[in-house]
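Below are some notes on the packing, salt bridges and backbone of this model. Please read them with the structure open.

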Amino acid sequence: MQQTKVVDMRGITKRFPGITVNDGIDLSLLQGEVHAILGENGAGKSTLMNILFGLYQPDEGEIRIHGKPALIDNPNTAIRLGIGMVHQHFKLVQPFTVAENIILGSEPRRGFSISYREAVRRVEDLSRQYGLNVDPNARIEEISVGMQQRVEILKTLYRGADILVFDEPTAVLTPDEIEELLDIMRSLVRQGKSILLITHKLKEIMEIADRVTVIRRGKVIGNVAKAETNPSQLAEMMVGRSVSMAIDKKPIEPGKPVLQVERLVVKGREGAPAVNGISFTVREGEVVGIAGVDGNGQSELIQALTGLRKAESGEVRLMGADITNAAPRAISETGMGHIPEDRHKHGLVLDFSLRENMALRTYDKKPFKRYGLLDYAAIDKHAQELVEQFDVRCPDIYTQARALSGGNQQKAIIAREIEKGPELLIAAQPTRGLDVGAIEYIHRRIVEQRNKGKGVLLVSYELDEILSLSDRVLIIFDGQIIGETRPEETNDRELGLRMAGSRLDKDAERSHAG
C-alpha cells in the first residue's frame, strides 16, 4: 500500500544577498517515516526546514501539507498545520519549570486564570504516552541537556504536532542520551507521527532513517532508501569526494612533559568541587583523550587549564612554567592553543569579521601592530593565507563570523590556534555538530600536531573520536580520573561502562577488550 505524503516541498528556492541557499529543492515526507536530510555544514538543510516551519519565506516553490497547498507565513501557521520543530539550540526559559515552558503561549485556563494543575496533568499524560519520563515541576536550569530536549519535544506534542522536525538533535547529547532519543523517535513513529531529521551522523541515519535526501551546496544530490545505501556512499554524496576516517598516526615515543596537572581542585557552579584532586601529564608527541559522560568535570577542568575559571588548589605547569590561575592571554603566550567546546561563547567574536577573529591572539604584535596602530594590510594578508591554508569557505575575509557555517567557524578557530605553533593544543569537543568532511579535516589537523611532537589534550563525548585519535585515554567520573587505558586495549562498550563509573578489574577488562 502506497504511503501518503504528509509534506511535499516542490522547487523550493531561497536566496540571501550574494548566495542561493536553497536551489529548486524537492522534498517529501511520507506518513509514519523518518526521513533524514544529510549535507555539509552550510548546505542549506536548516534553511529548508526553517521555511517549512514558517521562519523564512521561499522566493520560489510550493509547499503542500497533507496534499493541500499551504502558505506558511509564520511558526503559528506551521503549528496550526500540525508541524513542530525541535531546534538545535533550545528555546527554553531557564528559571521556569518544565510545565511552564511547555504551555507558554498556549496556557490552559479556568476563567481568567491559568490552570497550572491542568497543565501539569496534561504534561504528565503526554510524557507517559510517549515514554519521555519528564518531571513537570522540575526547573529547566536543574535538568540535563537530554531532559531539556525532551521538554522541547513535549512542547511540539502539546501543540498537536504530527509532523516533527529535528534539527541536529544529537549534537549536544551523550552516547546514552542519543540511544534514548532514537528510542523516543521510534515510539513517536509507532504512534503515527512523521519525522524529518537533519543530521550529520551517518551512524544515526543507518539506525533510524527510512529514507535519506542528500543536499550539497543548496541542491538535492540524491534521494535514497536507507536499505539501499551505506555510510561510505552517503559520505561521498554529501561532500562530493570519497571520505576516509582512517587516522595516519605514525608510532612516536612521547617526549618530555608539556602539561603537568597536580591535585587540581576546581569548584562548579553550585560551589562543590567539580574537579576533585585530578593529576595527569601530557607529553610531547601524544594525544591524551579524556572520556566521560557530560557533567563530570570536563568543562571546569578545561576552563581552569585555559584561565577561564579559578582553581581552588593544586598546580598546573605548562612547559615547566607555573600557569595556575594565570590570565588567558598569559597562558596562551606560554605555549597553549585552545579549541573551546563553545565556539560562539569562547572561540569567536561573532560580530567581528573573519579577518579580525583571525588576529585576536596576535593583533598587538608585529607585523600586525606598527607604531601603536593596527596594520590592516598585514592583518588581511595573514587572514587570507589562513583561509586558503585551512580551507575556510567564506565569501571573503570581511564576512562576519556569525554568517559562517559551524564547520567553517570551527576551521577558523583551528587555523588561528594552530598557526601560532602552540606546544600544547587543548581540543574540547572539536567536531561537535560538524559534518563528516569537516570532521575528517579536523582530525587530520589534530594528529598533525601530535606528529610534529606537540602535546594534545582531547576532550570529547564521541567515543569513536576518543578511540581513533588518542594514544592514552583517561576516564573521568564525578570530577576524578578513575582509570587510564590505551585505545588498542579497550572498546567503546567497556569505555562506556567505565565512563558511567564502573571500575572494572583486569580480568573483566581483558574480557571486554577481547
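1. V93 has a relative accessibility of 30% and therefore counts as partly exposed. The residue sits in the loop that runs between strand 6 (83–86) and helix 3 (98–103). Together with F96 and L104, V93 forms a nonpolar patch on the surface, and the accessible area of the three together is about 210 Å². As with everything below, this comes from a predicted model.

2. Nonpolar side chains tend to be buried together in soluble globular proteins. Here the largest nonpolar core has 40 residues, and the members that touch the most others are L354, M358, F390, V392 and L495. The biggest contribution to this core, 6 residues, is made by helix 15 (residues 436–451). A second core, separate from this one, consists of 35 residues, including L92, I143, Y158 and L164.

3. Which residues does L495 touch beyond four places in sequence? They are A291, L463, I466, L467, V473, I475, T485 and T490.

4. I418 belongs to helix 14 (residues 406–419). With a relative accessibility of 9%, I418 counts as buried, because the cut-off for that class is under 20%. Apart from neighbours within four places in sequence, the contacts of I418 are F390, L425, R445 and Q449. F390 is also among the residues that touch the most other members of the largest nonpolar core. Between I418 and G337 the C-alpha to C-alpha separation is 6.7 Å, although the two are 81 residues apart in sequence.

5. In helix 10 (residues 328–335), the buried residues are I331, S332 and G335. Why are they on the same side of helix 10? They cover an arc of only 100° around the axis, so they share one side. The elements against which the buried residues of helix 10 pack are helix 9 (298–306), strand 16 (313–318), strand 18 (336–339) and strand 21 (424–428).

6. Helix 1 (residues 45–52) has 7 of its 8 residues buried, so this helix is largely enclosed by the rest of the structure. The buried residues are K45, T47, L48, M49, N50, I51 and L52. G54, just after helix 1, takes a positive phi of about 85°.

7. The count of salt bridges is 31. One of them is between E286 and R472, where the closest N and O atoms are 2.8 Å apart. This pair links distant parts of the chain, since 186 residues separate E286 in strand 15 (residues 286–291) from R472 in strand 23 (residues 472–477). Are the two partners buried or exposed? E286 counts as buried at 3% relative accessibility, and R472 counts as buried at 11%. Elsewhere, D8, R10, E62 and R64 are joined into one network by salt bridges that share partners.

8. R121 and D125 form a salt bridge within helix 4 (residues 116–129). Their closest N and O atoms are 2.7 Å apart, and the residues are 4 apart in sequence, about one turn of the helix. Both ends count as partly exposed: R121 has a relative accessibility of 38%, and D125 has 31%.

9. R263 forms a salt bridge with E262, with 3.9 Å between the closest N and O atoms. A salt bridge is accepted within 4 Å, so the pair is included. R263 is exposed, at a relative accessible area of 57%, while E262 is partly exposed, at 31%.

10. Two residues other than glycine should be looked at for their backbone angles. E168 has a positive phi near 50° and is placed in the loop between strand 9 (163–167) and helix 6 (175–190). At 9% relative accessibility, E168 counts as buried. N325 has a positive phi near 60° and is placed in the loop between strand 17 (321–322) and helix 10. N325 counts as partly exposed, with a relative accessibility of 37%.

Notes:
Residues numbered from 1 in each chain as written. Predicted model: local features only at pLDDT ≥ 70, side-chain atom pairs only at ≥ 80, totals over all residues. Heavy atoms only, no water. Patch = residues over 30% accessible without salt bridge, like charges linked within 9 Å, V, L, I, M, F, W, Y side chains within 5 Å. Areas by Shrake-Rupley, 256 points an atom, 1.4 Å probe, with all protein chains shown as cover. Salt bridge = Lys/Arg side-chain N within 4 Å of Asp/Glu carboxyl O. Helix = DSSP H or I, 4+ residues; strand = E, 2+ residues; numbered from the N terminus. Buried < 20%, exposed > 50% of the residue type's maximum accessible area, 1.4 Å probe, protein only. Core = buried A, V, L, I, M, F, W, Y, C linked by side-chain atoms within 4.5 Å. Contact = heavy atoms within 4.5 Å. Arc of directions from axis to C-beta.
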